[in-house]
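Here are a few notes to read with the model open beside you. Take the points one at a time and find each residue as you go.

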Amino acid sequence: MSEDILPAVDTAAAGLFWSDYAAACPEAVRICPDYTVERFGDSAALADELLRAVTEGTKRATSELADEFLAAGAGLPRIGSHWIACDAAGIPRVILRTVELRLGPFASADEAFARDEGEDDRSLASWQAGHRKYWTRIRARRGMDWTEADEIVFERFRVVWPPALADPA
């Protein structure tokens with residue numbers, strides 16, 4: 001499988017997107033002014049597929065290996081923090097706000113989390129199969145092995161922007 005080379009995220013467009021949100025939701029920004037600009041997955045197809053699940057309302061959780069945040073030069077997310085999710089082209093599409101976080105091993109994922117992550121058939125079995133492949137692939141790119149004991153960040157979020165896609169408060 002060849003690795004997609006994704007374009008950089010459009011930080012200028014993300015800044016404008018954030019400014020619109022900040023003007024409309026100053027209290028949320030005052031409480032937590034931090035945001036990151038990212039996309040889901042590691043390929044164009046996966047980025048757009050997962051973003052579509054967010055915009056259609058089935059995806060309200062995500063998970064990532066804790067040390068992948070460090071490898072990217074970022075800290076772990078925190079409750080109340082925001083992230084601007086971009087499509088495969090790097091264009092900002094939604095702002096997400098973290099509402100729940102926990103750290104745990106692979107085996108600590110449950111049916112409810114798999115359903116909230118909104119991928120495949122939303123079952124725990126498909127979550128496990130998909131994430132085994134994904135984390136094995138991304139670790140291999142860094143010359144590392146993935147194990148089920150690796151620490152995972154389990155995150156639930158709300159869509160807060162744009163208003164047409166935002167979850168009820």
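**Notes on the sheet and its neighbours**

1. Let's start with one pair of residues: Thr36 has Trp83 as its bridge partner in S3. Keep in mind that you are looking at a predicted model. The link between Thr36 and Trp83 belongs to a wider pairing, since S1 and strand S3 (residues 82-86) run parallel and are joined by 4 bridges.

2. Now zoom out to the whole sheet. The sheet is open, has 5 strands with mixed pairing, and follows the order S1-S3-S4-S5-S2. At its edges sit strand S1 (35-38) and strand S2 (61-65), each of which pairs on one side only. From one strand to the next, the twist averages 35°.

3. Which helices pack on the sheet? One of them is helix H3 (residues 44-56), which touches S3, strand S4 (92-104) and strand S5 (152-161). The direction of H3 makes about 95° with that of S4. Helix H6 (residues 124-141) also packs on the sheet, touching S2 and S5, and its direction makes about 40° with that of S2.

4. Next, follow S2 to its partner. S2 and S5 run antiparallel, with 5 bridges joining them. In one of these pairings, Leu65 has Ile152 in S5 as its bridge partner.

5. Is S2 mostly covered or mostly uncovered? It is mostly covered, with 5 of its 5 residues buried. Ala61, Ser63 and Leu65 point one way from the strand, while Thr62 and Glu64 point the other way, and all are buried.

6. Glu155 deserves a careful look. This residue lies in strand S5. Glu155 is buried yet has no salt bridge, and Lys59, the nearest side chain of opposite charge, is 9.4 Å away. For comparison, a salt bridge needs the charged atoms within 4 Å. What Glu155 does have is a polar contact of 3.3 Å between its side chain and that of Trp83, the residue that partners Thr36.

7. Who else surrounds Glu155? Leaving out residues up to four places away in sequence, Glu155 touches several others, among them Arg60, Pro77, Thr98, Glu100, Leu101 and Phe113. Ala61 and Thr62 are also touched by Glu155, and these two point opposite ways from S2.

8. Finally, visit helix H6, where you will find Ser126. Why does Ser126 count as buried? Its relative accessible area is 15%, and buried means under 20%. Setting aside neighbours within four places in sequence, Ser126 is in contact with Glu119, Asp120 and Asp121.

Terms used
Residues numbered from 1 in each chain as written. Predicted model: local features only at pLDDT ≥ 70, side-chain atom pairs only at ≥ 80, totals over all residues. Heavy atoms only, no water. Pairing = 2+ DSSP bridges. Axes fitted to C-alpha atoms, helices over the stretch in contact; angles between N-to-C directions. Contact = heavy atoms within 4.5 Å. Buried < 20%, exposed > 50% of the residue type's maximum accessible area, 1.4 Å probe, protein only. Lys, Arg positive; Asp, Glu negative; His and termini not counted. Polar contact = N/O pair within 3.5 Å; in protein donor to acceptor, adjacent residues only side chain to side chain.
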